[in-house]
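Please open the model in your viewer and keep the selection tool at hand. The tour below proceeds stop by stop, naming what to select and what is found there.

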Amino acid sequence: ASALKVGQTIGKAINYAKQLGNLPGNICTPNYLAKETKALAERHVALTAQVLNEKQMARLGMGSLLSVAAGSNEEARLIVIKHRGAKSSSRPHVLVGKGITFDTGGISLKPGAAMDEMKFDMCGAASVIATMRGIAELKLPINVIGIVAAAENMPGSKATKPGDIVKSMSGKTIEVLNTDAEGRLVLCDALTYAERFKPRSLIDIATLTGAAVATFGKHVNALLSNNDTLAKTLMECGEHSLDRAWQLPLWEEYQSMLNSNFADIANIGGPRAGTITAACFLSRFTERQNWAHLDIAGSAWNSGREKGATGRPVGLLMDYMRRQNQ
């Protein structure tokens with residue numbers, strides 16, 4: 001493809017992610033994202049979409065993801081969109097996006113100031129859907145699967161309470177000490193689900209921690225990975241696409257911060273090293289995978305007068321996917 005065509009396609013994909021991110025929570029629900037993805041798949045012959053409802057997720061044992069949606073009237077959705085650009089025996093790259101369409105924090109309720117910006121808590125999901133669109137438009141000769149864990153986090157009468165214990169699809173039990181650490185609870189089941197596709201690489205994208213904003217501000221995607229080669233490649237893609245990422249350590253020493261007296265793992269690790277302990281949590285569900293995690297809590301949207309989604313890290317992800325066929 002000509003450089004012009006590539007640039008236009010990536011630009012359009014970034015704008016599409018911005019559009020999805022900017023939609024208000026009363027319009028952009030988990031079901032809206034599901035319908036949007038199905039419509040996208042209908043427009044591109046290489047794309048197919050499948051949507052799992054709460055009953056189907058319950059049958060799969062996704063108790064962690066479902067615990068987040070329990071307090072909301074909006075049903076959770078697990079959205080799977082596949083791009084077939086290579087023969088079916090070719091192992092896919094898998095992208096997993098956090099799709100919390102509105103995040104009140106649940107019973108661990110957030111303060112009211114700037115809570116409207118929690119409509120942006122599905123920007124990871126938006127980047128996955130938009131990247132799948134870009135891959136299809138460029139007809140990249142690779143297999144890629146996008147998985148979106150979509151839910152709304154609300155403090156309803158059925159909501160998960162601090163101290164509740166839920167069972168993830170992996171079989172691990174989780175003590176939910178803070179219901180506002182919900183992104184990792186939807187992602188862990190989606191990452192376990194991703195195993196069935198035997199991914200060549202597995203990348204999750206999530207507006208996950210306030211600590212990432214405190215560390216990097218809005219300029220950098222925080223990156224953690226259990227594979228230094230993959231991390232290095234993503235850093236290079238970030239430099240090349242002006243959508244930069246910086247790697248934080250995922251050392252064993254941090255894992256004990258997630259110890260629980262009552263379950264296999266706690267969902268928070270205390271006030272320090274929040275971005276790292278969030279990734280440590282996810283790493284427990286990706287031990288067999290070539291996995292990287294992008295925490296885009298700082299980079300996914302701007303606040304203040306410039307308020308709005310940025311469409312990141314679609315540029316970085318598109319650069320990464322284009323390298324897989326060169």
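**The largest cavity**

Begin inside the protein, where the largest cavity has a volume of about 80 Å³. A cavity is a set of points on a 1 Å grid over the protein atoms alone where a 1.4 Å probe fits but cannot get out, and lining residues have an atom within 4 Å of a point. Grid points are joined across faces, edges and corners, and a volume is the space filled by probe spheres set on the points.

This is a predicted model, in which local features need pLDDT of at least 70 and side-chain atom pairs count only at pLDDT 80 or more, while totals for chains, interfaces and linings use all residues. Residues are numbered from 1 along each chain as its sequence is written, and side-chain values use heavy atoms, with hydrogens and water left out.

Select Ser67, Val68, Gly71, Gly106, Asn153, Met154, Ala159, Thr160, Val176, Thr179, Glu182 and Leu185, which line the largest cavity. This lining divides into five nonpolar, six polar and one charged residues. Here Ala, Val, Leu, Ile, Met, Phe, Trp, Tyr, Cys and Pro count as nonpolar, Asp, Glu, Lys and Arg as charged, and the others, Gly among them, as polar.

**The second largest cavity**

The structure holds two cavities of 30 Å³ or more. For the second largest, with a volume of about 30 Å³, select Ala17, Lys18, Cys123, Ala126, Ala300, Ala309, Thr310, Gly311 and Arg312. Helix 1 (3–22) and helix 5 each supply at least two residues of this lining. Helices (H or I, at least four residues) and strands (E, at least two) are DSSP runs, numbered from the N terminus.

**Helix 1 against helix 5**

Next, display helix 1 and helix 5 together. Their axes come within 8 Å and cross at roughly 150 degrees; axes are lines fitted to C-alpha atoms, for helices over the stretch in contact, and angles run from 0 to 180 degrees between N-to-C directions. The two helices are therefore roughly antiparallel to each other (angles under 35 degrees count as roughly parallel, over 145 as roughly antiparallel, 65 to 115 as roughly perpendicular and the rest as oblique). In the contact (heavy atoms within 4.5 Å), helix 1 contributes residues including Ala13 and Ala17, and helix 5 residues including Cys123 and Ala126. By class, this contact has eight nonpolar, four polar and four charged residues.

**Helix 5 against helix 10**

Keep helix 5 (residues 123–137) and add helix 10 (residues 314–323), whose axes come within 10 Å and cross at roughly 40 degrees. How are helix 5 and helix 10 placed relative to each other? They are therefore oblique. Select Ser127, Ala130, Thr131, Gly134 and Ile135 of helix 5, which meet Val314, Leu317, Met318 and Met321 of helix 10. This contact has six nonpolar, three polar and no charged residues.

**The two pockets**

Finally, turn to the pockets, each an open set with protein on both sides within 12 Å along at least five of seven lines. The largest pocket has a volume of about 550 Å³. Of its 30 lining residues, select Leu208, Thr209, Gly210, Ala211 and Ala297, the closest to its centre. Helix 7 provides the largest share of the lining, three residues.

The second largest pocket holds about 210 Å³ of space. Among its 14 lining residues, Ile10, Ile14, Ser241, Leu242 and Gly315 lie nearest its centre. Helix 1 gives the most to this lining, with four residues.
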